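Please consider the model shown below. The paragraphs that follow lead from the chain as a whole to its interior and then to a single residue.

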Amino acid sequence: MTIYDHIFSLAKKTAKALSKGEEPVDLHASNVFDEENKEHLLEALREEAVEYNVKQLQSIDTQKDWEKVALRLKHKRKPLLAPFYKVAAIVFVLISVGFVAHIILNKKEHTELESPQIIAGTDKAILTLEDGSQVALQKGIPFQNELVTSNGERLDYERGQTKFNTAFNYLTVPRGGKYQIALSDGTEVWLNAATKLKYPVAFKPGETRVVELLYGEAYFDVSPSTKHQGSRFKVATKGQEVVVLGTEFNIKAYEGENQVFTTLVEGKVDVKVNEHSESLSPGEQTVMHVLSREVIKKTVDIKYDIAWVKGYFNFKDKPLKEIMKVLSRWYDVEIYFESNDLEQVKFSGLLNRNQHIEDILNGIQNTNIINAYEIKNKMITIK
């Protein structure tokens, strides 16, 4: 074995050991380099140094890089190595760096393949038809049957049917999704992430038009009763009914949450819970407690409640615990807090729902209300 064969073998063994986090025992036992030189060589093979050099691989000037390596392996006062061993050290470093770089790149590619990507919500939903069959709706994929069509972003039911059909359909929007639907009476509904709506494929003329928000959040732009022989529109959800003549409003009634929020944007609605009824004017909101059925009416700034329809998150003095619930549904992730105190810290801000979640979290972190965050697969920890 020549000295260069020995150096090649030594470099490869050293790189393997370092990539596994093990001690480079072969280098330590070698008599090719003295102890001081070994320290300098290992410094050049630290993962951070190798990663930096990997980024420069596209613009390598071989002659200049060899000269730089030779200069870095010199002591401030005297050469560390005799001329022959300078070359040996250069060969050692180049072989080792190349080998470690290969391992690092493979490791990163493997990690990227395994780690689920966190992306903002998009247009997607599951349509359940009368016979129980399901249709996956998603952006860019059209769907059509005799009663309904979809362009991948919204469902449109046939209007003005002469024959009343008692069939019900369901539209389920998963976490990380949103969808729009135009009912057969012309009412338009926007569904937020983690939402399910039940509705008839056609409404019986002259009778109250009833749909059911089984859970989640939906924004309604109701076709007025004057176009439907005076028939009212009613939304049932979680123990309450919202009776409408023709108006725009938002209902938030998520699973696992003990409050239902009904916010009026235009027109007039009556919110009924058992025998109790509250009439809302634009800019007013009812909050119903699911367990006690208690209803509280208050005046609100509607822009915070309906920002999601326009593609934004709009928070005002909102506890991080509530904000992270919103983000977890939209980005389909699990979010945890390192301490309970952080859950009650409040944040205000207008954020675009199409941003990467890292941009959202960085914006919150830049206000200094959190110290840091960590993303691992599809789990986020707030610190």
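The accessible surface of the chain amounts to about 21,000 Å², and carbon and sulfur atoms account for 48% of it. These values are computed from a predicted model. Of the chain's 383 residues, 42% count as buried. The secondary structure consists of nine helices and 23 strands. Contacts also link distant parts of the sequence: among those between residues at least 6 apart, 53% join residues at least 24 apart.

Within the interior, the largest nonpolar core comprises 42 residues. Leu127, Leu155, Leu171, Tyr199, Phe220 and Phe249 have the most contacts inside this core. Strand E10, spanning residues 209–221, is the greatest contributor, with four residues. The surroundings of Phe220 may be examined in detail. Leaving aside residues up to four places away in sequence, Phe220 touches Glu188, Val189, Leu197, Val211, Phe233, Val235, Thr247, Glu248, Phe249 and Ile251. Another core, of 25 residues, lies apart from the largest one; its members include Phe313, Val333, Leu342 and Ile364.

A polar residue offers a further point of inspection. Thr128 belongs to strand E1, which covers residues 122–128. Is Thr128 buried or exposed? Its relative accessibility is 13%, and Thr128 therefore counts as buried, the cut-off being under 20%. Beyond residues up to four places away in sequence, Thr128 touches Ser133, Gln134, Phe168, Asn169 and Tyr170. With one of these, Gln134, the contact is polar and runs from side chain to side chain, at 3.4 Å.

Key. Residues numbered from 1 in each chain as written. Predicted model: local features only at pLDDT ≥ 70, side-chain atom pairs only at ≥ 80, totals over all residues. Heavy atoms only, no water. Core = buried A, V, L, I, M, F, W, Y, C linked by side-chain atoms within 4.5 Å. Buried < 20%, exposed > 50% of the residue type's maximum accessible area, 1.4 Å probe, protein only. Helix = DSSP H or I, 4+ residues; strand = E, 2+ residues; numbered from the N terminus. Contact = heavy atoms within 4.5 Å. Polar contact = N/O pair within 3.5 Å; in protein donor to acceptor, adjacent residues only side chain to side chain. Areas by Shrake-Rupley, 256 points an atom, 1.4 Å probe, with all protein chains shown as cover.
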